[in-house]
Amino acid sequence: ATLNTGSIESVAKMELETVESFRKRQYVSQNFILVVCGNVEKGRVFEQGKKFFEKFPKGKRSEEIVHKTYPEFRVHLENRSHYKQTHLKIDYYGYGVGNGKRIAAECAANILEAYIKTKIQKVLGYAYRASCTSLSMGSYGIFSIYTATSHNNALEALGEIKNFVDNKHRLLNKKIIEQVKNKMLADRAFAFEKTSMRADFYSGVWLHDSSSPTYQEEIESIK
């Protein structure tokens with residue numbers, strides 16, 4: 001795969017035997033976590049879940065995959081002839097689900113996204129799209145900045161991102177941080193109204209965070 005997103009060539013080289021081998025090795029009962037949210041009877045859920053998972057081979061619990069990192073700076077450029085745009089994506093290594101720093105990284109991503117959307121996209125008009133996200137996976141994370149611009153404005157957009165990074169201590173203040181924290185709290189409150197999102201949260205932390213935090217502990221860590 002190329003960088004963190006893969007490539008058409010790497011997918012084309014994939015063989016059916018490789019996919020089937022992965023399925024047999026990973027899709028075993030020891031690698032599943034069943035999370036049920038809602039007005040349900042615990043005993044009945046346990047009974048039905050046990051009956052369902054008995055269909056799968058037991059196998060053994062997979063070891064945590066160690067993400068391979070590259071110490072050198074890597075650049076990935078692609079040309080699309082059907083439109084004249086420059087798509088700039090800058091990725092840094094972030095933090096996995098079990099790392100306590102992931103909350104701070106998410107906060108930083110929200111602050112940077114608000115800045116580049118306002119300054120680069122709306123005020124200066126350099127970018128058609130601008131975003132910054134902090135994604136936390138099992139054993140690793142990605143802090144990603146993305147802009148879509150015209151060829152002429154690509155360097156200007158990059159310059160504004162650098163300006164924020166160089167002057168972050170001057171541009172940041174307590175009010176901005178509190179606003180972002182409140183946004184993160186509101187996003188989680190909205191998401192947790194959906195039982196599916198609640199299940200996603202608990203399956204993620206139970207699989208990859210040895211401390212197994214609760215939703216309330218997640219809220220407190222943001223505060």
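In this predicted model, contacts that reach far along the sequence make up much of the count: among contacts in the protein chain between residues at least 6 apart in sequence, 70% join residues at least 24 apart. As for burial, 28% of the 223 residues of the protein chain count as buried. Taken along the principal axes, the C-alpha atoms fill a box of roughly 60 × 45 × 30 Å.

The secondary structure of the chain comes to 9 helices and 3 strands. Walking along the sequence, the pattern reads α-α-α-β-α-β-β-α-α-α-α-α.

Now for the strands. The 3 strands form an open sheet with antiparallel pairing, and their order in the sheet is S1-S3-S2. Strand S1 (86–93) and strand S2 (127–136) are the edge strands, each pairing on one side only. From one strand to the next, the twist averages 10°.

How do the pairs look up close? S1 and strand S3 (residues 141–149) run antiparallel and are joined by 8 bridges. Two of the residue pairings can be picked out by name here: Thr86 has Thr149 of S3 as its bridge partner, and Ile90 has Ile145, also in S3. Over on the S2 side, 9 bridges join S2 to S3, again with the strands running antiparallel. Arg129 stands opposite Ala148 of S3, while Thr133 faces Ser144 of S3. Getting from S2 to S3 along the chain takes a hairpin, which joins the two strands through 4 residues. S3 itself is mostly covered, with 8 of its 9 residues buried.

Helices also come up against these strands. Helix H4 (residues 102–123) packs on the sheet and touches S2 and S3. The direction of H4 makes about 180° with that of S2. Helix H5 (residues 154–166) lies across S1 and S3, and H5 runs at about 140° to S3. S3 therefore turns up in the contacts of both helices, given that contact here means heavy atoms within 4.5 Å.

Between S1 and H4 there is a loop, and Asn99 is found in it. Is Asn99 buried, exposed or partly exposed? Asn99 has a relative accessible area of 30%, and because buried means under 20% and exposed means over 50%, Asn99 counts as partly exposed. Asn99 and Phe46 are 53 residues apart along the chain, and their C-alpha atoms are separated by 31 Å.

That leaves the pocket. The second largest pocket holds about 750 Å³ of space. A set of 24 residues lines the second largest pocket, and the closest to its centre are Arg102, Glu106, Arg188, Phe201 and Glu218. Which elements give two or more residues to the lining of the second largest pocket? They are H4, S2, helix H7 (174–191), helix H8 (195–208) and helix H9 (215–222). So H4 and S2, already met in the sheet packing, appear again in this lining. By residue type, the lining of the second largest pocket divides into 11 nonpolar, 5 polar and 8 charged residues.

Methods: Residues numbered from 1 in each chain as written. Predicted model: local features only at pLDDT ≥ 70, side-chain atom pairs only at ≥ 80, totals over all residues. Heavy atoms only, no water. Pairing = 2+ DSSP bridges. Axes fitted to C-alpha atoms, helices over the stretch in contact; angles between N-to-C directions. 1 Å grid on protein atoms, 1.4 Å probe; cavity = no way out; pocket = protein on both sides within 12 Å on 5 of 7 lines; lining within 4 Å. Points joined across faces, edges and corners; volume = space filled by probe spheres on them. Nonpolar A, V, L, I, M, F, W, Y, C, P; charged D, E, K, R; others polar. Buried < 20%, exposed > 50% of the residue type's maximum accessible area, 1.4 Å probe, protein only.
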